[in-house]
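Colleague: Please take a close look at a single strand of chain A and the elements around that strand. Then set the strand in the context of the chain and of the contact with the other chain.

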Amino acid sequence: MIIADKNTKAVGLVRAALDKAKEYEDYHCFISMNEARALDRAREIDERIAKGEKVGRLAGVPYAIKDNYLSPEGVTTAASRMLDNFPSPITATAVAKLEAEGAIMIGRANLDSYAHGSSTENSYFGPTLNARDKERVAGGSSGGSAAAVALGIVPFALGSDTGGSIRQPASYNGVWGMKPTYGTVSRYGVVAMASSLDTMGCIANNAEDVDLIMSIIAGKDPKDSTTLDDFWTRELEDAKPKKKTIGIIKDFLKDGVDPEVSKTVLSYANKMKKAGYEVEEISMPIMKYGLAIYYIIQPAEVASNLSRYDGIRYGHRAAEITDLDSIYGKTRDEGFMPENKRRIMVGNFVLSSGFFDAYYLKAQKARTLLINAYNEAFEKYDALLCAVAPAPAFKLGEKTDDPLQMYMEDMMSVLANLAGLPAVAIPAGESESGLPIGVQLIGPRKSDQVLLNIAKNVEENA
Amino acid sequence: MAITRKDVLHLAELSNLRLSEDQIEPLIKDLDNIVGYISQLDELDTDGVEPTYQCFDMQNVWREDVIEEFEANREDLLNLTVESEDHQIKVPKVL
């Protein structure tokens, strides 16, 4: 990552990023650009550097935010019609922290509407294309963020990960994606999706950059009472694993996983062995229920969080209606995408009387079993290894008619969210046709830096 | 269980979604598939297992009840609504 100094001007860095964004406009990484304001800030930072002032650890570094982060420049749409004219009155804590270190937001990246999806095809503004193959999806929901980094427009981008939304697009585009321990980064100022699962993280090009960005945005925030005391405080090389043992989740090497993907996981495991780790297979039968648990808990929380969009206080309001009930009903019908509606309705189904015990409560109990299985595994292993997604990026339109097929994308990524664990997506290889394949390392809570340390070590020593 | 047209209409009402007729049929199929899939949790024995509502043993987080400056002012917030009058948000007649 290039930081501005006396010789490297922030204006140059920002202008280069904006030019690249224009060059790759057809990939549709961005919903809106922040050009004028970004250049103003770059000039200001250059002036401060010239005066010899301290300008921060990310001086002049251009970056993108997923368009569900609130920030007063332009509008925060969450890729929805509901918020397509929502000028945010507040700034997300993560954005404020980056800007305070001199980073410069150049644009708002595309996503699935309200972060509901695994391909960015659910965006009200149209899909983002895969950085390697324009006929394929960028993944989702942080598809714009991942493609923008993979295309070299920005060195990093913010994303949000509720069930894989940072890691899966990172994996599809061949870049790094960090989903931190639940509570690491403040959720203040980010459009809420499923509150017990939502985590804020970043997409970047290597372990060091991820570590630097996360160390800046992590930490306690009085505006989000679920945030943990800042634990992202070590130098990366000091965050060594204690046992040097890794478990490969065996249940995810066959059923429903593309052989090319399994091959990549095993070859990464071999690299780990070469780098001095003890690697063995572990069977975790509860894992295959993760997706069902997730698609009960997540829609339930989505239904609750999205009930606030009523057309009254902010956002879209259906026109020419004179009674209150119709305003609610029509506004929500017009403002939400089909996938938003499905999730809200499934959520209200599992929460409704008569089904609550059989679905919602059952899922909460199963969630406990899943967490127990992880705790047991971490007694023996520093981290668990599996693929991020069951196959490389699929073709645009391939799964849009079958929501359940789209959900299957998330089968391995939702698990870390259900247990609140950190997981890092690492580019690990390519399919025969040249599509990137990513693996993920999942560790005990607050072991985020250890995971990055392992990944960096494997890269350097294998 | 199979999702029927009646279920979809009921869920739409619970969800405050006024759906057009053309959305109903696809939703019956999609919701039926999804509910069919998540029903596989029936296979799991969860007797005597405590439910998890959040991932951490978090307690209530207390703070002093002091007034803090908010980054947005009243005008900023009122400007977000479609209609306001005398510093209040205007809605259609309720009663």
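Modeller: In strand E9 of chain A, A:Leu385 is the bridge partner of A:Ile248. This is a predicted model, and A:Leu385 and A:Ile248 are one place where strand E7 of chain A meets E9(A). E7(A) covers residues 245-249 and E9(A) residues 383-387. The two strands run parallel and are joined by three bridges.

E7(A) also pairs with strand E8 of chain A, residues 278-282. That pairing is parallel too, over five bridges. Here A:Ile249 stands opposite A:Ile282 of E8(A). In a regular strand, side chains alternate between the two faces of the sheet. The connection from E7(A) to E8(A) involves helix H7 of chain A, residues 259-274, and the three elements form a right-handed β-α-β unit.

Is E7(A) buried or exposed? A residue counts as buried if 20 or more other C-beta atoms lie within 10 Å of its own. By that criterion four of the five residues of E7(A) are buried, so the strand is largely enclosed by the rest of the structure.

For the chain around the strand, 61% of the 462 residues of chain A count as buried. Chain A holds 14 helices and eleven strands. Its radius of gyration is 21 Å, which agrees with the value near 23 Å for a compact globule of 462 residues. The C-alpha trace spans about 65 × 60 × 45 Å along its principal axes. Taking contacts in chain A between residues at least 6 apart in sequence, 75% join residues at least 24 apart.

Next, the contact with the other chain: 52 residues of chain A are in contact with 41 residues of chain B. On the side of chain A that touches chain B, helices H8 (290-305), H9 (324-335), H10 (338-351), H11 (356-380) and H12 (403-408) of chain A each supply at least two residues. H11(A) gives the largest share, eleven residues. By residue type, this side of chain A divides into 28 nonpolar, 13 polar and eleven charged residues.

One of these contributing helices, H8(A), can be described further. H8(A) is mostly covered, with 14 of its 16 residues buried. From first C-alpha to last, H8(A) reaches 22 Å, close to the 22 Å expected at 1.5 Å a residue.

Terms used:
Residues numbered from 1 in each chain as written. Chains lettered and ligands numbered in written order. Predicted model: local features only at pLDDT ≥ 70, side-chain atom pairs only at ≥ 80, totals over all residues. Contact = placed C-beta atoms within 7 Å. Nonpolar A, V, L, I, M, F, W, Y, C, P; charged D, E, K, R; others polar. Rg over C-alpha atoms; globule rule 2.2 N^0.38 Å. Buried ≥ 20, exposed ≤ 12 C-beta atoms within 10 Å, placed from the backbone. Pairing = 2+ DSSP bridges. Right-handed = clockwise from strand over helix to strand, strands pointing away. Expected span 1.5 Å × (residues − 1).
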